[in-house]
Amino acid sequence: MKTIIIIAICFSYYMIGGLATTNMLRLLNGNTLGIFSAKCYCQNCGMKIVFFNQLPIVSYIASRGKCRQCKTPIPVSALILEIVIFAGMSAITSIFHFSYLGVVLSFCFYEIVKIVLIIINGRRENEAFKQYIFSVIAMIPFFMLLEFMALLINIV
């Protein structure tokens with residue numbers, strides 16, 4: 001049972017890695033889509049990206065780092081961000097033995113990376129601060145679920 005919960009937590013971090021790329025790009029580039037919009041599309045040709053092509057890391061490798069429609073290269077920085085988020089969050093939680101504290105610290109890591117990238121990039125949409133607060137609030141229920149899973153590990 002513990003192994004299944006640990007795998008579920010790590011898989012959640014894998015998916016958060018992909019969400020981080022979309023979330024941060026929308027906060028930085030003045031995207032007209034809100035941070036909660038489920039729509040993903042190629043910024044070059046406007047083609048809607050289907051769910052399978054939104055899987056972090058795997059879809060980048062499968063598509064050879066290019067849009068499947070227009071063949072425009074996807075920035076390597078997107079892949080690196082996905083890997084950093086996934087590996088960082090997994091490592092932090094693992095170091096703390098998948099405890100409640102480990103999940104809290106991984107959430108802090110995710111938010112710190114997001115803030116640093118926003119500060120470094122410099123370009124932000126008009127309501128970036130408001131959108132950032134909304135993105136943090138939106139992630140809280142998800143991380144609370146992960147906290148519950150971490151508590152289950154200690155009970156089981």
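**Figure 1. No disulfides here, just two cysteines to look at.** The structure holds zero disulfides. This is a predicted model, and the two cysteines picked out in this view are Cys10 and Cys108. Cysteine 10 has a relative accessible area of 22%, so it lands in the partly exposed class. Cysteine 108 is partly exposed too, with a relative accessible area of 35%.

**Figure 2. The whole fold, for orientation: five helices and zero strands.** Reading from the N terminus, the elements simply go α-α-α-α-α. The protein has 156 residues, and 40% of them count as buried. If you take the contacts with a separation of 6 or more, 65% of them are between residues 24 or more positions apart. The protein exposes about 9,100 Å², with carbon and sulfur atoms supplying 72% of that area.

**Figure 3. Tyr14 meets Phe86, edge to face.** Four aromatic pairs turn up in the structure. In the one shown here, the ring centres of tyrosine 14 and phenylalanine 86 sit 5.8 Å apart and the planes meet at 85°; planes over 60 degrees apart count as edge-to-face, so that is what this pair is. It's a pairing that links distant parts of the chain: tyrosine 14 belongs to helix 1 (residues 2–28) and phenylalanine 86 to helix 3 (residues 76–95), with their positions 72 residues apart. How buried or exposed are the two partners? Tyrosine 14 has 13% relative accessibility, so it counts as buried. Phenylalanine 86 comes in at 27% and therefore counts as partly exposed. The pair also has company, as ring pairs link Phe11, Tyr14 and Phe86 into a cluster.

**Figure 4. Two positive phi angles in the loop between helix 3 and helix 4.** Most residues other than glycine have a negative phi. Histidine 97 goes the other way: it is not a glycine, yet its phi is positive, at about 55°. Phenylalanine 98 does it as well, again with a positive phi of about 55° and again without being a glycine. Histidine 97 lies in the loop between helix 3 and helix 4 (100–121), and phenylalanine 98 has its place in that loop too. Which of them is buried and which is exposed? Histidine 97 has a relative accessible area of 64%; exposed means over 50%, so histidine 97 is exposed. Phenylalanine 98 has 10% relative accessibility; buried means under 20%, so phenylalanine 98 is buried.

**Figure 5. Phe107 and the residues it touches.** Phenylalanine 107 lies in helix 4. With a relative accessible area of 17%, it falls under the 20% cut-off and is therefore buried. What does phenylalanine 107 touch, not counting residues up to four places away in sequence? Its contacts are Val136, Met139, Ile140 and Phe143. For a distance to check in this view, take isoleucine 92: its C-alpha atom is 9.7 Å from that of phenylalanine 107, and the two residues are 15 apart along the chain.

**Figure 6. The one salt bridge, Glu111 with Lys114.** Side chains of opposite charge can pair when their charged atoms come close. The structure holds one salt bridge, formed by glutamate 111 and lysine 114, whose closest N and O atoms are 3.4 Å apart. Both residues lie in helix 4, three residues apart, which is about one turn of the helix. Are these partners buried or exposed? Glutamate 111 has 6% relative accessibility and so counts as buried. Lysine 114 is buried as well, with a relative accessible area of 0%.

**Figure 7. A nonpolar patch on the surface.** Ile95, Phe96, Tyr100, Leu101, Val104, Leu105 and Leu151 make up this patch, and together they have about 590 Å² of accessible area. Where does the largest share of the patch come from? Helix 4 supplies it, with four residues. One patch member to pick out is leucine 101, which lies in helix 4. Leucine 101 has 44% relative accessibility, so it counts as partly exposed.

Notes: Residues are numbered from 1 along each chain as its sequence is written. This is a predicted model: local features need pLDDT of at least 70, side-chain atom pairs count only at pLDDT 80 or more; totals for chains, interfaces and linings use all residues. Side-chain values use heavy atoms; hydrogens and water are left out. Rings of Phe, Tyr and Trp (its six-membered ring) pair if their centres lie within 6.5 Å; planes under 30 degrees apart count as stacked, over 60 as edge-to-face and the rest as tilted. Buried means under 20% relative accessible area, exposed over 50%, partly exposed in between (1.4 Å probe, protein chains only). Contact means heavy atoms within 4.5 Å. A disulfide is a pair of cysteine sulfur atoms within 2.5 Å. Patches are made of residues with over 30% relative accessible area and no salt bridge: like charges are joined within 9 Å, nonpolar side chains (Val, Leu, Ile, Met, Phe, Trp, Tyr) within 5 Å. Accessible areas come from the Shrake-Rupley method with a 1.4 Å probe; for residues, only the protein chains shown count as cover. A salt bridge is a side-chain nitrogen of Lys or Arg within 4 Å of a carboxyl oxygen of Asp or Glu.
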